[in-house]
Amino acid sequence: MAVARPSRATDRPGDTSPFALGLLLRQAHWRAAEVMTEALRPLGIELRHFAVLIVLVNRGPTVQKDLVAATGSDKAGIMRVVDDLESRGLAVR
């Protein structure tokens with residue numbers, strides 16, 4: 001009787017394991033974050049700042065509670081980001 005082996009996720013092309021797509025998406029996310037981080041560096045902002053700025057550009061004035069929901073951050077994190085943006089002259093309360 002053959003013993004079933006557990007699936008192993010790899011990033012090899014053609015891998016059909018159930019977790020391979022998730023692994024590849026995670027690696028793509030990391031790479032995209034690296035590229036964005038480098039692109040934002042000359043502007044003096046980080047990805048967390050950019051995420052909030054995009055929400056503000058799209059929605060206009062927004063309460064912090066809605067920024068938390070839109071960015072998946074927490075209240076304390078959003079407060080720090082808004083403080084940073086305000087100190088840089090990029091947002092106002």
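Contact here means that heavy atoms lie within 4.5 Å of each other. Keep that in mind as you look through these views of a predicted model.

**Figure 1. Leucine 40 and the residues it touches.** Which residues is leucine 40 in contact with, leaving aside its neighbours within four places in sequence? They are Ile45, Glu46, Leu47 and Phe50. One of these, Ile45, joins Leu40 in the largest nonpolar core, which has a view of its own below.

**Figure 2. The whole protein chain, for orientation.** Take a moment to find your way around. The protein chain contains four helices and zero strands, and from the N terminus on its elements read α-α-α-α. Of its 93 residues, 17% count as buried. The accessible surface comes to about 7300 Å², and carbon and sulfur atoms hold 60% of that area. Among contacts with a separation of 6 or more, 26% link residues that are 24 or more positions apart.

**Figure 3. The largest nonpolar core.** In soluble globular proteins, nonpolar side chains tend to be buried together. Here, eleven residues make up the largest nonpolar core: Leu40, Ile45, Val52, Leu53, Val55, Leu67, Ile78, Val81, Val82, Leu85 and Ala91. Which elements give two or more residues to this core? They are helix 2 (47-59) and helix 4 (75-87). Helix 4 provides the largest share, four residues.

**Figure 4. Helix 2 meets helix 3.** Two packed helices are described by the angle between their axes and the distance between the axes. For helix 2 and helix 3 (residues 64-71), the angle is about 115° and the axes are 10 Å apart. Helix 2 is therefore roughly perpendicular to helix 3. The crossing of helix 2 past helix 3 is right-handed. On the helix 2 side, look for Ala51, Val52, Val55, Leu56 and Arg59; facing them from helix 3 are Asp66, Leu67, Ala70 and Thr71. You may recognise Val52, Val55 and Leu67 from the nonpolar core.

**Figure 5. Helix 2 meets helix 4.** Now follow helix 2 to another partner. What angle do helix 2 and helix 4 make where they pack? The angle is about 85°, with the axes 10 Å apart, so helix 2 is roughly perpendicular to helix 4. Arg48, His49, Val52 and Leu53 in helix 2 come together with Ile78, Arg80, Val81, Asp84 and Leu85 in helix 4. Several familiar names appear here, among them the core residues Val52, Leu53, Ile78, Val81 and Leu85.

Note on methods
Residues numbered from 1 in each chain as written. Predicted model: local features only at pLDDT ≥ 70, side-chain atom pairs only at ≥ 80, totals over all residues. Heavy atoms only, no water. Core = buried A, V, L, I, M, F, W, Y, C linked by side-chain atoms within 4.5 Å. Buried < 20%, exposed > 50% of the residue type's maximum accessible area, 1.4 Å probe, protein only. Areas by Shrake-Rupley, 256 points an atom, 1.4 Å probe, with all protein chains shown as cover. Axes fitted to C-alpha atoms, helices over the stretch in contact; angles between N-to-C directions. Parallel < 35°, antiparallel > 145°, perpendicular 65-115°, else oblique. Left-handed = near helix turned anticlockwise from the far one by under 90°.
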